[in-house]
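User: Please take a close look at one buried acidic residue and its polar contact. Then work outward from there to the strands and the other side chains that deserve a comment.

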Amino acid sequence: MDTSEYAISEASSLALESITACFFMSGSEAQNERSTLLSYAAAGTKHGNEFTLWMDPDMVLWIKSDSHRIGDLLLSDGQLHHVCVTWESSSGTSTVYKDGALVKTIGNVMTGEQIKGGGIWVIGQDQDSVGAGFQAKDSFKGYVTQVNIWDRVIGSNEIKCFAKDSGSIMQGNYKAYSDFSVSSATQLIKSLCCPLAPISEP
């Protein structure tokens with residue numbers, strides 16, 4: 001991607017106290033610093049975006065002023081992988097799933113905080129200002145599709161279902177992929193184009 005490739009959507013005015021963001025992605029081996037998968041910015045945020053997922057090359061979760069390195073999830077292997085990231089304010093817990101399997105649990109993540117409402121969500125770009133300020137060095141290098149966001153922590157069985165069947169209809173109750181306006185320069189892909197890594201049955 002460069003700065004002309006992105007998808008964008010306005011958020012509702014309601015603040016979020018929990019969130020699940022799920023998507024299919026395939027990353028490039030040449031990820032540079034802050035190669036951004038998904039960003040959310042709102043007016044008046046002191047430390048940049050309210051919520052961001054980027055790779056450098058490890059995946060990093062940013063919520064308000066707090067960043068957590070998730071680690072190398074081996075997402076740059078030419079396969080299309082399903083990734084879900086959750087966060088719950090009341091417990092301060094964030095979880096990360098790859099291809100339906102829980103791979104990381106992070107504690108003490110902005111406990112008691114809220115993600116502001118009324119901002120802008122952008123796929124594939126970091127926001128230096130709300131809905132704008134894209135820089136080529138921050139653009140995601142790879143493919144992202146079927147980005148869906150919930151205003152709750154969805155269960156592990158539901159996540160596994162989405163990952164096992166890439167033809168399943170995912171519709172985030174807070175933000176569905178169809179809510180995003182895609183720039184004319186963006187190349188669209190279908191989530192069925194590539195096989196997912198196998199998922200172990202419990």
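Analyst:
**A buried acid and its surroundings**

The side chains of Asp138 and Lys137 are joined by a polar contact of 3.3 Å. This is a predicted model, and every value here is computed from it. Asp138 sits in the loop that runs between E10 and strand E11 (142-150). Its relative accessible area is 2%, so Asp138 counts as buried, the limit being under 20%.

The loop starts from a strand of the sheet. E10 (residues 120-123) pairs with strand E3 (residues 35-41) in the antiparallel sense, over four bridges. Within this pairing, Ser39 stands opposite Val122 of E10. Both strands belong to an open sheet of seven strands, ordered E6-E5-E4-E3-E10-E1-E12, with antiparallel pairing. Its edges are strand E6 (66-71) and strand E12 (181-182), each of which pairs on one side only. Strands of a sheet pair through backbone hydrogen bonds, either parallel or antiparallel.

On the other side of E10 in that order comes E1. Glu10 belongs to strand E1 (residues 7-10). Is this second acid buried or exposed? With a relative accessible area of 62%, Glu10 is exposed, whereas Asp138 is buried. Setting aside neighbours within four places in sequence, Glu10 is in contact with Gly119, Ile120 and Lys175. One of these, Ile120, falls within the residues of E10. The C-alpha atoms of Glu10 and Ala42 lie 10.0 Å apart, although 32 residues separate the two in sequence.

Toward the other end of the sheet, the strands are joined by hairpins. E4 and E5 form one, with three residues between them. Strand E4 (residues 51-55) runs antiparallel to E5, and five bridges join the two. Trp54 has Val60 of E5 as its bridge partner. E5 is also joined to E6 by five bridges, again running antiparallel. There Leu61 stands opposite His68 of E6. The hairpin of E5 and E6 has two residues between the strands, and Lys64 takes a positive phi near 60° in it.

Why is strand E5 (residues 59-63) described as largely enclosed by the rest of the structure? The reason is that five of its five residues are buried. In a regular strand the side chains alternate between the two faces of the sheet. In E5, Met59, Leu61 and Ile63 point one way, Val60 and Trp62 point the other way, and all are buried.

A charged side chain elsewhere is also buried. Lys98 lies in strand E8 (residues 93-98). Asp99 is the nearest side chain of opposite charge to Lys98, at 5.0 Å. Because a salt bridge has to be within 4 Å, Lys98 has none, even though it is buried. Its side chain does reach the backbone oxygen of Leu73, at 2.6 Å. Leaving out residues up to four places away in sequence, Lys98 touches Leu73, Leu74, Leu75, His81, His82 and Val103. Among these, His81 and His82 fall within strand E7 (residues 81-88).

E7 also carries one half of a disulfide. The count of disulfides comes to one, and it joins Cys22 to Cys84, with S to S at 2.0 Å. The pair links distant parts of the chain, since Cys22 is in strand E2 (residues 18-27) and Cys84 in E7, 62 residues apart. The torsion about the S-S bond is about 115°, so the disulfide is right-handed. Both Cys22 and Cys84 are buried.

These details fit into the overall count. The protein has one helix and 12 strands, in the sequence pattern β-β-β-β-β-β-β-β-β-β-β-α-β. Of its 202 residues, 50% are buried. Of the contacts with a separation of 6 or more, 68% are between residues 24 or more positions apart.

Notes
Residues numbered from 1 in each chain as written. Predicted model: local features only at pLDDT ≥ 70, side-chain atom pairs only at ≥ 80, totals over all residues. Heavy atoms only, no water. Pairing = 2+ DSSP bridges. Buried < 20%, exposed > 50% of the residue type's maximum accessible area, 1.4 Å probe, protein only. Lys, Arg positive; Asp, Glu negative; His and termini not counted. Polar contact = N/O pair within 3.5 Å; in protein donor to acceptor, adjacent residues only side chain to side chain. Contact = heavy atoms within 4.5 Å. Disulfide = S-S within 2.5 Å.
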